Number of protein chains: 2
Amino acid sequence: MNKAIFYHAGCPVCLSAEQQVLEALDKNRFDVEVIHLGEDKEQIRAAEEAGIKSVPALMLAGNVFHINFGASLEDVKGGA
Amino acid sequence: MNKAIFYHAGCPVCLSAEQQVLEALDKNRFDVEVIHLGEDKEQIRAAEEAGIKSVPALMLAGNVFHINFGASLEDVKGGA
């Protein structure tokens, strides 16, 4: 099973991507995890090290795909 | 069947998104179309009207998701 991790921060752009892009993934082939960086702040550092610059972002097999632009990771850190 | 349209221009960022994000979509629920705006320039105007600003981009049910950043539509128009 491949791993898909969707990072978001609860913003409207994030929700739109979650509802549509994440929903469109093939769940038979991907084990999907959703991480809310606004609520789960201890995950921010690992996300940053993985190359996440902004949310929403989708990580597939370790590769980061930033989807539109909701908020920078800096903003998420600052609680914006 | 839902419609998914992937717009690209053959750039490395586009190819990465095509290979991974597009590949991850559930083909049982989505009818996937790929449009190469670099080769199919008559599609640029419709893409622009649909809200595409850069490639690669994925359109799901009429909503545009820009994935990372490969090239602006202006660059594609100019043949860059």
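Two salt bridges cross the interface of chain A and chain B in this predicted model. In one of them, Arg29(A) pairs with Glu23(B), with the closest N and O atoms 2.7 Å apart. In the other, Arg29(B) pairs with Glu23(A), again with 2.7 Å between the closest N and O atoms. Arg29(B) sits in the loop between α1 (12-24) and β2 (30-36) of chain B, while Glu23(A) belongs to helix α1 of chain A, so this pair joins two chains. Neither end of that bridge is buried: Arg29(B) is partly exposed at 26% relative accessibility, and Glu23(A) is partly exposed at 39%.

**The rest of the interface**

The salt bridges have plenty of company. Across the interface of chain A and chain B there are 12 residue pairs in polar contact, counting pairs with both residues at pLDDT 80 or more. On the side of chain A that touches chain B, α1 (12-24) and β4 (63-72) each supply at least two residues. By class, that side of chain A has 10 nonpolar, five polar and four charged residues. In terms of contacts, 19 residues of chain A meet 19 residues of chain B. The two chains bury about 1,600 Å² between them, and 49% of this area is on carbon and sulfur atoms.

**Salt bridges in chain A**

Over all chains, the structure holds 14 salt bridges. Here are four of them, with the N to O distances side by side.

| Lys or Arg | Asp or Glu | Closest N and O atoms |
|---|---|---|
| Arg29(A) | Glu23(B) | 2.7 Å |
| Arg29(B) | Glu23(A) | 2.7 Å |
| Arg29(A) | Asp26(A) | 2.9 Å |
| Lys3(A) | Glu33(A) | 3.1 Å |

Arg29(A) is worth a look, with a salt bridge to Glu23(B) and another to Asp26(A). Is Asp26(A) buried or exposed? Asp26(A) counts as buried, because its relative accessibility of 8% is under the 20% limit. Arg29(A), in contrast, is partly exposed at 27%. Elsewhere in chain A, salt bridges that share partners join Lys3(A), Asp31(A) and Glu33(A) into one network.

Within that network, the bridge between Lys3(A) and Glu33(A) has its closest N and O atoms 3.1 Å apart. This pair links distant parts of the chain, with Lys3(A) in strand β1 (residues 2-8) and Glu33(A) in strand β2 (residues 30-36), 30 residues apart. Both ends are partly exposed, Lys3(A) with a relative accessible area of 37% and Glu33(A) with 28%.

**The nonpolar core**

Which residues touch the most other members of the largest nonpolar core? Of its 24 residues, these are Leu25(A), Leu58(A), Leu60(A), Leu25(B), Leu58(B) and Leu60(B). The elements giving two or more residues to this core are β1, α1, β3 (54-60) and β4 of chain A, along with β1 (2-8), α1, β3 (54-60) and β4 (63-72) of chain B. Leaving aside neighbours within four places in sequence, the contacts of Leu58(B) include Ile5(B), Phe6(B), Val21(B), Leu25(B) and Phe65(B).

**Strand β4 in both chains**

Val64(A) lies in strand β4 of chain A and is buried, with a relative accessible area of 16%. Beyond its neighbours within four places in sequence, Val64(A) is in contact with residues including Ala50(A), Ile52(A) and Leu58(A), and with Asn68(B) of the other chain. The C-alpha atoms of Val64(A) and Phe6(A) are separated by 9.7 Å, although the two are 58 residues apart along the chain.

In chain B, His66(B) is found in strand β4 and is buried at 15% relative accessible area. A polar atom of the His66(B) side chain lies 2.9 Å from the backbone nitrogen of Lys53(B). The contacts of His66(B) outside its sequence neighbours within four places include His66(A), Ile67(A) and Asn68(A) from chain A, as well as Pro56(B).

**Backbone details to check**

A cis peptide bond joins Val55(A) and Pro56(A), with omega about 0°, and Pro56(A) lies in strand β3 of chain A. In chain B, the peptide bond from Val55(B) to Pro56(B) is cis too, with omega near 0°; Pro56(B) is found in strand β3 of chain B.

Positive phi values also turn up outside glycine. Ala61(A), with phi of about 50°, is in the loop between β3 and β4 of chain A and is exposed at 60% relative accessibility. Asn68(B) has phi near 50°, lies in strand β4 of chain B and counts as partly exposed at 25%.

Terms used:
Residues numbered from 1 in each chain as written. Chains lettered and ligands numbered in written order. Predicted model: local features only at pLDDT ≥ 70, side-chain atom pairs only at ≥ 80, totals over all residues. Heavy atoms only, no water. Contact = heavy atoms within 4.5 Å. Buried area = accessible area lost by both parts, 1.4 Å probe. Salt bridge = Lys/Arg side-chain N within 4 Å of Asp/Glu carboxyl O. Polar contact = N/O pair within 3.5 Å; in protein donor to acceptor, adjacent residues only side chain to side chain. Helix = DSSP H or I, 4+ residues; strand = E, 2+ residues; numbered from the N terminus. Nonpolar A, V, L, I, M, F, W, Y, C, P; charged D, E, K, R; others polar. Buried < 20%, exposed > 50% of the residue type's maximum accessible area, 1.4 Å probe, protein only. Core = buried A, V, L, I, M, F, W, Y, C linked by side-chain atoms within 4.5 Å.
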